[in-house]
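Please look through the structure below with an eye to the empty space inside it and to the nonpolar parts of its surface.

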Amino acid sequence: MALSYKRIIIKIGSNVLTKENGLPDFERMGHLVEQISAIKKQGKEVILVSSGAVASGKSLLSVSDKFDAVATRQLFASIGQVKLINKYSELFEKRDLVCAQVLVTKEDFRDRLHYLNMKNCFSILLQHNVIPIVNENDVISVTELMFTDNDELAGLIASMLNADALIILSNVDGIYNGDPKDTKSEVIREISASTTGFSSFISTQKSQFGRGGMVTKSNMAHKVAQLGIAVHIANGKKTNILIDVLNEKAINTRFIPQKNASGKKKWLAHSENYAKGIVRINEGAKLALTSSKASSLLPVGVIKIDEDFQKGDIIKLVDEKGKQVGLGIAEYSSDKASERIGQKKQKPLVHYDYLFLNSEIA
Ligand SMILES: Nc1ncnc2c1ncn2[C@@H]1O[C@H](COP(=O)(O)OP(=O)(O)O)[C@@H](O)[C@H]1O
Ligand SMILES: N[C@@H](CCC(=O)OP(=O)(O)O)C(=O)O
């Protein structure tokens, strides 16, 4: 039976678009574009997250290894992205489809204004039937500013756009219950919130051109599925893979989606690394926040400000023992919050709509 997803994020990994000799595989790209065009014609919305800039760049220039590795990667990515997007544009144009280039950095997910600007841009592109093609802005994102890999980026885009599904194309059929090269290993077909132990099968081994490996893929997939989005990990090197996944005819690993969370909460769920302040709350506040009744965090439940923040910053809420309870957006600065600690009848420090609790994904 065909899966009834309306909005789909498709992530194409570096190795899917790269031949063994390191050159870009434009034939594979053409076949994927053909399938995406067919999916579009079914009235679905498709957003592509495509790697391949660095690999494309390497095919254009040979650079002596006396140059700095980080700068060389910037060089390859900047020339390669032009080639990559031009090729996509040419291939989609042949099928009467228009695509757009969207280059992002981690910072764009950290700042609520950048985040909303980006979201609005996706919205107008989708309303005009354009296929957004997203990649990390590798020219700016270097070293610690980088996403772990494009799987992390694809997970963030899927949550931001409230997608129904995220399909991750790699060079394996899915997550195996052992070494993927061992013929006795099999693909785990379904992973639900209650499936445990699957991470023990995953080694840190990566494909020739991969960055994060299966570990980031599965961590991200688990989190995204818990936010209500189905995630499939499938083999992008196989003929007709996208169509077959959607028709439930392909071997792949599917992370079953759980309950749904609101857009703001989805954004917050991915924001742990972007938190600026830390607020310690008492047992009563913890109980109120984690109870079934929607509650905002009031200053009366705050014990201490561990790290300062400004209005609008993401703050980490921790319990008396320092264990994280959740993440929220500060309604006012730490200076004001300090003055109100323990006081009754004060404005909430974090409104319920801007609060994401760890227990929501436990
Ligand atoms: N249990 C496992 N099942 C499948 N693949 C695994 C597993 N453990 C490690 N891997 C490795 O993860 C690789 C895919 O991740 P990665 O190299 O990041 O690819 P991509 O470039 O597509 O993001 C596979 O090629 C495989 O070597
Ligand atoms: N942004 C980079 C790819 C980064 C990356 O993480 O790739 P992948 O291993 O496919 O998730 C590029 O376009 O070359």
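In this predicted model, the lining of the largest cavity draws at least two residues from each of two helices, α1 (26-41) and α2. The residues that line this cavity are L17, P24, D25, F26, M29, G52, A55, S56 and L84, and by class they comprise six nonpolar, two polar and one charged residues. The space in the largest cavity amounts to about 50 Å³, and a search of the whole structure finds one cavity of 30 Å³ or more. Rolling a probe the size of a water molecule over the atoms is what shows where such empty space is left.

From the cavity we can turn to an open site, the second largest pocket, which holds about 270 Å³ of space. Its lining is made up of T148, E152, L156, T216, N219, M220, K223, H270, E272, N273 and Y274, and the elements that contribute two or more residues to this lining are α6 (150-160) and α7 (213-226). Of these, α7 gives the most, with four residues. In terms of class, the lining of the second largest pocket divides into three nonpolar, five polar and three charged residues.

On the surface, L60, L61 and L75 together make a nonpolar patch of about 220 Å². Within this patch, L61 is found in the loop between α2 (53-58) and α3 (69-93). Is L61 buried, exposed or partly exposed? L61 counts as partly exposed because its relative accessibility is 40%, a value that lies between the limits of under 20% for buried and over 50% for exposed.

Terms used: Residues numbered from 1 in each chain as written. Chains lettered and ligands numbered in written order. Predicted model: local features only at pLDDT ≥ 70, side-chain atom pairs only at ≥ 80, totals over all residues. Heavy atoms only, no water. 1 Å grid on protein atoms, 1.4 Å probe; cavity = no way out; pocket = protein on both sides within 12 Å on 5 of 7 lines; lining within 4 Å. Points joined across faces, edges and corners; volume = space filled by probe spheres on them. Nonpolar A, V, L, I, M, F, W, Y, C, P; charged D, E, K, R; others polar. Patch = residues over 30% accessible without salt bridge, like charges linked within 9 Å, V, L, I, M, F, W, Y side chains within 5 Å. Areas by Shrake-Rupley, 256 points an atom, 1.4 Å probe, with all protein chains shown as cover. Salt bridge = Lys/Arg side-chain N within 4 Å of Asp/Glu carboxyl O. Buried < 20%, exposed > 50% of the residue type's maximum accessible area, 1.4 Å probe, protein only.
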